[in-house]
Each structure stands twice: as C-alpha cells, then as structure tokens.
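Here is a short tour of a structure, meant to be read with the model open beside the text. Feel free to rotate the view as you go.

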Amino acid sequence: MKKNNLKGWLYLLPAIIFLGIFMIYPLIDVLIYSFEEGYNFASQTHNGTGWYNYSYVLHDTYFLQALKNTFILVIITVPLSTGTALLIAMALSSIKKLRELFQTVFFLPYVTNTLAVGLVFMILFKKTAYSDGMVNLLINFFGGESVDFIDGPYWAKMLVLCIYTVWIVMPFKILILTGALASVKDDLYKAAKIDSTPKWRVFTRITLPMISPMIFYLVITGFIGAFKAYSDAVALFGTDLNAAQMNTLVGYIYDMLYGSSGGYPSYASAAALILFCIVLTITCINLMVSKKSVVKGV
Amino acid sequence: MKVVLDKLTKRFPNRNKKIKTEVTAVDNFCFEIPDGTLVGLLGPSGCGKSTTLNLISGLEKPTEGRVFFGDTDVTDMAPEDRGVGLVFQNYALYPHLTVQQNIMFPLQNFRGERKLTKEVMLEKTLEAAKLVQIDGLMERKPNELSGGQQQRVAIARALVKAPKVLLLDEPLSNLDARLRLQTREEIRRIQRETKVTTIFVTHDQEEAMSISDLIVVMKDGRVHQIGKPQEVYDDPANLFVAKFLGTPPINVFKGRVKKHMIYIGDNAILKAEKAEDGDVYVGIRPEGFIPDEKGELEVSLKGLEVMGRDTTIVSDHKDCENVEIRSIVSAETRIDTAAGSIRFKVKPAKTHIFDAESGERIYY
C-alpha cells in the first residue's frame, strides 16, 4: 500500500514541480510582498513589515473607485447576462428553421478579438468631430439629447461597460445553456403536456430545475470572470482608467505594477490579496447556495 | 369510457427528403374498444403500435380518420384536453421531485373549477400511491427507487387525475424477467380495481396474452387480427398472427393440398374437405403432436428436452420452415431416443393451413 502511494506521488511529481514553481511559489511571494512595506524589485529590499500596504490600498481613492466599479459591474452583468442567455437559448431551442445560422451569429462575439469589439463599440457610442455615434443618432431620432458615452458622465460610461461585458460573455453562456436544454429528456415535456401543465409551470418546475447545475456553473464562473474584468475597460476607455473613473480591481493592480504611476509591487500584492479574498468569499457563498438548490442526480 | 378508432391513418414524410413517398405508420385502423377493458396492442417493433398510442393520446395528429372517446370526437383536441393518462416506456418521472410531488404534479395543473385544495390533492395522491402500493416511499426521489417502483409511480401519476383512458407504452420492457411477471399482474389488478379503459403497447406476445381482455395484432401499420387472446391463438387469421403468438412458436411446414388431403412431403396428414388443391403452409402448434407409431407424419428425431412437467421433442423435417420442430408432449410419454425417426398424429384443432402466396388462413 505504502509503495503504491510512493509510486502515485512519483507520477504526480512533474505536475507538482511546475505548479510549485509557477503557481504556489508566486502565490506565497505575493502574500509576503503584501506585508513588506515599500518592497523594491531591483534592490530586493523593503522598509519593514506590517499591515501598512493594506491600509494604504484601502484608503486609496483610486482603489475604492475600482472596487465600486467592479462591484457594480459584477452585480449588473452576471444576472443580466445569464438571464438573457437563458432567454436566447430557450428561443434557439424552440425554433427549427435557421437555428444553426442564429447559433453562429450569437457565437460570433466569442471568437472576436476584444479590441476589435472595442472598436465597434467606439463606432456605436463615441462622439467624434463628424458624428455622435450610432446610439446617439438613435437617441436624437427619438427626440433625446446626445450623451457622451465614452468621455461623459459616470453612469453613461458604466452603462457602456456593462453592455459591452454582457455582450462579450453571452455567447459562452448561450452555448452551455443550449446544450443543457437539449439534454432535458423530451419525454418529461410530453408527460407534462399530457398532464396539461401550463407553459410557465413547465419552465419553473421542470426546465429550470433540470438545468440548474449548469446555471450555477455559469453564475459562479460569471462572478469570477467579472471580478477579473480589465481588458474590456481598456478596450473602451483606453489605458488611463483612473483618469476615466473606470478602473477595475485588476486594472488597479496592473497600474500599481506597471502603469505610469506604477512600481509599487507591495501595494499591488495587497490589492491582489483583497481581490482574492472577495472572490473566495463570493464563490463560497455561491457554492453554499447551490448545494441547497441545485438538483442532484439528474 | 369506450374508445373508437375510425379509419385512423398516420403517414410520415420520408426521412430521406429526396424520396417523395410517405411512410405509413398506421393504416386504416378501425376498432371499438369497449368501456373498462384492457387492450394489448401487439406487434413487432416498427409496426405502428406506439404511433397508434400517440394518436390516441393526441401527441400525434392523424393524417386521416377520427378518434372518439365515448361519443366525443377528440381528434382535434390537444393532448392536455383529452384527459388521458400516459405511462412512458422509460417512465419520464421528474427526477428532481419526490414520489409524492411527482404523483401530485398533474393535480396541481387543474385550473378554474377543477382546482383542488391542498388537502384534497394530498388525499388523492395518497389514494393513488396506495393503489400501486408505494405509499411507504413518498419522500424518495425517483433515482432512489427500483425500476419496478418507478413504474408504479409512473402509473400512479397517470391515474391520479382519474383519466378517461389509461395508455401504457411498453410498460414492462425496462424491467427484469421476474419483476415483469409481477408487474403485469399488478397492472391487471390496478385496471380491474379502477375499471379505467386501458390500452397498452407491447412486442411481447406472452405479456399481451396473459393480461389483456382483447389483443390487437399489428404489422407494418396494419391490423391483422383483433380478439380475445385465446381466440386469436386458437384461430389465427393468417400466417403472421399464427407465427407471432405462442412460445415455442408454431411449426410451419411447406405443404400442399391435393384431392382434399393435406400433405407434408409425402405424408398425407389430415383430410381437408373444403380446401382447394394448391401449395400451402401448414402450421402445427407444439401441443398439436401426438406420438403414435401409426401416425401420418414422420420426422427425424434430434433430441429430447425434459422439463419435468412436460417434454419437448426436438425433431427435423426437410419441409419445415423453422430451425427445428418443437413438439410438447406429456412427461409420461416414452420415447425411444435411439430411433432415428418418430411418427406423429396431428390434432386438427391445432393444425392450420395458410395460402402459400398471401399467407391468409384457409379453412378446411
């Protein structure tokens, strides 16, 4: 038995070595940096240890802005994208004609480059010398006043960022949910039909419970993904996110490391650990909720 | 509630779209199912029996013909308005609901005047569960039940709303042999107790024969014979029906009628006063052979299978269509296995002749 154990570990060794060097060691390092005040990469020195980095980060207005932005983004986009994806997936499952065409259309954002998508959004939303952007044209058409979505008020910029995020994460969710819907046995729907079950009840009592494992999977990965948002904001508002009030947590960490005001690995590490704790907490809550409500053994 | 099928026909477009011809799944099905009977739709797979069931339930719309429940024409009614209970082949229980919730599900769908209070629903649920004897398992989920128990839950769910007609699609095919025997008796008992008109589909002739009041033998969408099981067995309308019913199957020989005698090979086995001369198939039931030294039919003996209660004589004849001839005789019969051949007398009631071309029964 013991010999077998040893053999098992031997087989695992290559993977463990790589994980150790590229994941576990850096993780521990980040933890250490976050407690070392004013750590310097070049000289490998620091001024002392303690909670100072955390205190600094938590009092930094840019960090608080990024925290607020990220939370708004998470709270709006995750439910919205999952819900809309479910609606689209249901619609896709219920049509026969042109289904494949629509599936391809809905999947396109997934294979499109983030920055290219950003460009398209510029055309839609950005004010230039020649035009106010497509969306503003529409608003004008219905008698509204132009809004500067890219350099304008905070809510307008947030709106664009949310629409962008929802749009970009949707294809994957649609894909997963169409698969989940297709895996629900047709006999269950037939049985429900024979028993004259109203459509809404079929949805809430049969469809939803049957695909609940997939929905929770999407919510959990959706939360994690939204907390890690960064490139979307860059694609829309450029690299100076702090100035645009549109920074995210990951953006803040990046700026602290490499940005124009960068070079503070200690602050970056502290911010990264705060992000880690937030994601961990939310994921744990999610798992706890899902244990109670997800249907097992389907 | 009696069920009347009037010239019911269902044609499906061909899968291969290049072929314009349609596939006829059910062809001109006329049948009146008396109130409170248990009817078995019997036939090989692909014969249209499940389609017939779906036409009755309303899950499929007939191409032609009408379906009546009592005097009401339900052909254009949606399945949910017909008031049928349907038990699916794989039960189609809702996996996330408990047994109780599964059975109660149809009741919770009642709207308007039929809407029930929670107490009445629970009462009816318990009643249905007791009927199928699963009232001790109410809190279980379907995946915690055995196949037989799941089957019972499915039947209870179909019965709880007091359907006019109960439909069962291959109800026993997912059960093991022992459970199958038990469950078919159970279905019979439940049907007797509820007196609901029940139609079930099966490809197992033994199943259909053992519990049905009436059986309908189908092949290629056409009804070949309808009748009480024993009548259909004793008096098959054609070669297909004769071959399909009975285990071991009927022994079929190539034969002919000449001068009012039925011949197998050179042996004239029976008189046939009314039959015309010509080639025929001769079908003899396994129980239709009597070993007799002066018997008319001589076959080469291959062996004996002793069952205790009776004995199967396995033999061979050059004109036999089956792999071997199996004849069942009583266990007391002494048979000399060393002899190369054996002679039989045949019982006229157990011997049928069929037209060699059409397979239709010839009465002699």
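Helices (H or I, at least four residues) and strands (E, at least two) are DSSP runs, numbered from the N terminus. Just after H4(B), Gln133(B) takes a positive phi of about 60°. What you are looking at is a predicted model, in which local features need pLDDT of at least 70 and side-chain atom pairs count only at pLDDT 80 or more, while totals for chains, interfaces and linings use all residues. Residues are numbered from 1 along each chain as its sequence is written, and chains are lettered from A and ligands numbered from 1 in the order in which they are written.

Let's stay with that helix of chain B for a moment. H4(B) covers residues 118-131, and its 14 residues should span 20 Å at 1.5 Å a residue (the expected span is 1.5 Å times one less than the number of residues); the end C-alpha atoms are 20 Å apart, which agrees. Thr125(B), Ala128(B) and Ala129(B) of this helix are buried, where buried means 20 or more other C-beta atoms within 10 Å of a residue's own, exposed 12 or fewer, and partly exposed in between, with C-beta atoms placed from the backbone. Seen down the axis of H4(B), the buried residues fall within an arc of 100°, so they line one face of the helix; the arc is that of the directions from the helix axis to the C-beta atoms. The face turned away from the buried side carries the exposed residues Glu119(B), Val120(B), Glu123(B) and Lys130(B). On the buried side, H4(B) packs against helix H3 (99-108) and helix H5 (147-159) of chain B, a contact being two C-beta atoms, placed from the backbone, within 7 Å.

Now to chain A. Its secondary structure comes to 13 helices and two strands, and its C-alpha atoms fill a box of roughly 75 × 75 × 30 Å along the principal axes. Of its 298 residues, 30% are buried.

Two helix pairs in chain A involve H13(A), as the table shows. Axes are lines fitted to C-alpha atoms, for helices over the stretch in contact, and angles run from 0 to 180 degrees between N-to-C directions.

| Pair | Axes come within | Crossing angle |
|---|---|---|
| H2(A) and H13(A) | 9 Å | roughly 75° |
| H9(A) and H13(A) | 10 Å | roughly 170° |

H9(A) is therefore roughly antiparallel to H13(A), given that angles under 35 degrees count as roughly parallel, over 145 as roughly antiparallel, 65 to 115 as roughly perpendicular and the rest as oblique. The contact of H9(A) with H13(A) includes Phe216(A) and Phe223(A) of H9(A) and Ile278(A) and Ile282(A) of H13(A). By class, this contact has 10 nonpolar, five polar and no charged residues; Ala, Val, Leu, Ile, Met, Phe, Trp, Tyr, Cys and Pro count as nonpolar, Asp, Glu, Lys and Arg as charged, and the others, Gly among them, as polar.

Where do the chains meet? The contact takes 18 residues from chain A and 17 residues from chain B. On the side of chain A, H8(A) gives the most, with six residues. The residues of that side divide into nine nonpolar, three polar and six charged.

Ala192(A) is found in H8(A). With 23 C-beta neighbours inside 10 Å, Ala192(A) counts as buried. Leaving aside residues up to four places away in sequence, Ala192(A) touches Thr197(A), Val202(A) and Ile206(A).
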